Amino acid sequence: MTQNEQSLLIVDDDPRFAETLALEFAERGWRVDRVADLDELRGLPPFPYKFASVDLRLRHQNGLDAIPLILERSPRTRIVVLTGYGSIATAVQAVKQGAFNYLTKPVHVDDLLAAFRSEPVPSQGAASEAGQTLARREREYIEWVLAECGGNISRAARQLGLHRQSLQRKLRKFTPRV
């Protein structure tokens, strides 16, 4: 890899995770920059990053909104979305917006490198799929329906056969408190 190919942008609001990831890549000879939110990302000058790691949830912002911002400034950047709250719906949204791959946390540096190189990621394979709980599948389906309804909670509730308030309670249960 050339020096340009060894450049990484980390968009993550968890300072410990971002610092650890940055150190791991820096120790491997990569140039690493990191930002914690969309405002910091917008403040960056045009950049030639070859790779980017984007957290799906950035405090009160959606990490998916970072994808077009990165691609606008650096169209060839390979973006991998990382999340602790993975679902099929958000994975599809990420790829539709231009992400190259989608991994669930915790993620090992070697897994991220494999994703950047289009190689299979062992920890993201069938073993993690087999361990899915009914609650996780319910959350994924609800998020998928909500995405299909353009975020309209009333319409999604009708489609799911739920009362709007019941759907809102379920969504609050899925969202971690900050």
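**Figure 1. Leu41 and the residues it touches.** Skipping its neighbours within four places in sequence, Leu41 is in contact with Leu9, Val35, Phe47, Ala66, Leu69, Ile70 and Arg73. Keep in mind that everything shown here and in the other views comes from a predicted model. Leu41 is also a member of the largest nonpolar core, a set of 23 residues. Leu9, Val11, Leu41, Ile67, Ile70 and Ile79 are the ones with the most contacts inside that core. Where do the core residues come from? β1, α2 (38–43), β3, α3 (66–73), β6 (78–83) and α4 each chip in at least two. The largest share, 5 residues, is supplied by α3. There is also a second, separate core of 19 residues, with Phe17, Ala22, Leu103 and Phe116 among its members.

**Figure 2. Strand β1, wrapped up by the rest of the structure.** Is strand β1 buried or exposed? Count along residues 7–11 and you'll find that 5 of the 5 are buried, so the strand is largely enclosed by the rest of the structure. The side chains take two directions: Ser7, Leu9 and Val11 point one way from β1, while Leu8 and Ile10 point the other way. Whichever way they point, all of these residues are buried.

**Figure 3. The partners of β1.** Strand β2 (residues 31–35) pairs with β1 in the parallel sense, over 5 bridges. To find your way around this pairing, look for Ile10, which stands opposite Arg34 in β2. To get from β1 to β2, the chain passes through helix α1 (residues 15–27), and this β-α-β crossover is right-handed. β1 is also joined to strand β3 (residues 51–55), this time by 4 bridges, and these two strands run parallel as well. Here the landmark is Val11, which sits opposite Val54 in β3.

**Figure 4. An aromatic cluster of four residues.** Searching the whole structure turns up 5 aromatic pairs. One to look at is Phe25 with Trp30: the ring centres are 4.8 Å apart and the planes meet at 70°, so this pair is edge-to-face. Phe25 is buried, with a relative accessible area of 0%, and Trp30 counts as buried too, at 8% relative accessibility. Another pair is Phe51 with Phe116, where the centres are 4.5 Å apart and the planes are at 35°, so the pair is tilted. This second pair links distant parts of the chain: Phe51 belongs to strand β3 and Phe116 to helix α5 (residues 109–116), 65 residues apart. Both Phe51 and Phe116 are buried. Put together, Phe25, Trp30, Phe51 and Phe116 form one aromatic cluster.

**Figure 5. A lysine over a ring.** What lies over the face of Phe17? The answer is Lys105, at 4.3 Å from the ring centre. Phe17 has turned up before, as one of the residues in the second core of 19 residues.

**Figure 6. Gly63, a buried loop glycine.** Gly63 lies in the loop between β5 and α3. At 1% relative accessibility, Gly63 counts as buried. Which residues does Gly63 touch, not counting residues up to four places away in sequence? They are Val54, Asp55, Leu56, Arg57 and Leu58. Now find Asp12: Gly63 and Asp12 are 51 residues apart in sequence, yet 8.4 Å apart in space, C-alpha to C-alpha.

**Figure 7. Two residues with positive phi.** Arg59 is found in the loop between β4 (57–58) and β5 (61–62). Its phi is positive, about 50°, although Arg59 is not a glycine. Is Arg59 buried or exposed? With a relative accessible area of 52%, Arg59 is exposed. The other residue in this view is Gly98, which follows helix α4 and has a positive phi near 120°. Within α4 (residues 88–97), the buried residues include Ala89, Thr90, Ala91 and Ala94.

**Figure 8. Stepping back to the whole protein.** The secondary structure comes to 9 helices and 7 strands. The protein has 178 residues, and 40% of them count as buried. Take the contacts with a separation of 6 or more: residues 24 or more positions apart account for 58% of them.

Methods. Residues numbered from 1 in each chain as written. Predicted model: local features only at pLDDT ≥ 70, side-chain atom pairs only at ≥ 80, totals over all residues. Heavy atoms only, no water. Buried < 20%, exposed > 50% of the residue type's maximum accessible area, 1.4 Å probe, protein only. Pairing = 2+ DSSP bridges. Right-handed = clockwise from strand over helix to strand, strands pointing away. Phe/Tyr/Trp six-rings, centres within 6.5 Å; stacked < 30°, edge-to-face > 60°. Lys NZ or Arg CZ within 6 Å of the ring centre and 35° of its normal. Core = buried A, V, L, I, M, F, W, Y, C linked by side-chain atoms within 4.5 Å. Contact = heavy atoms within 4.5 Å.
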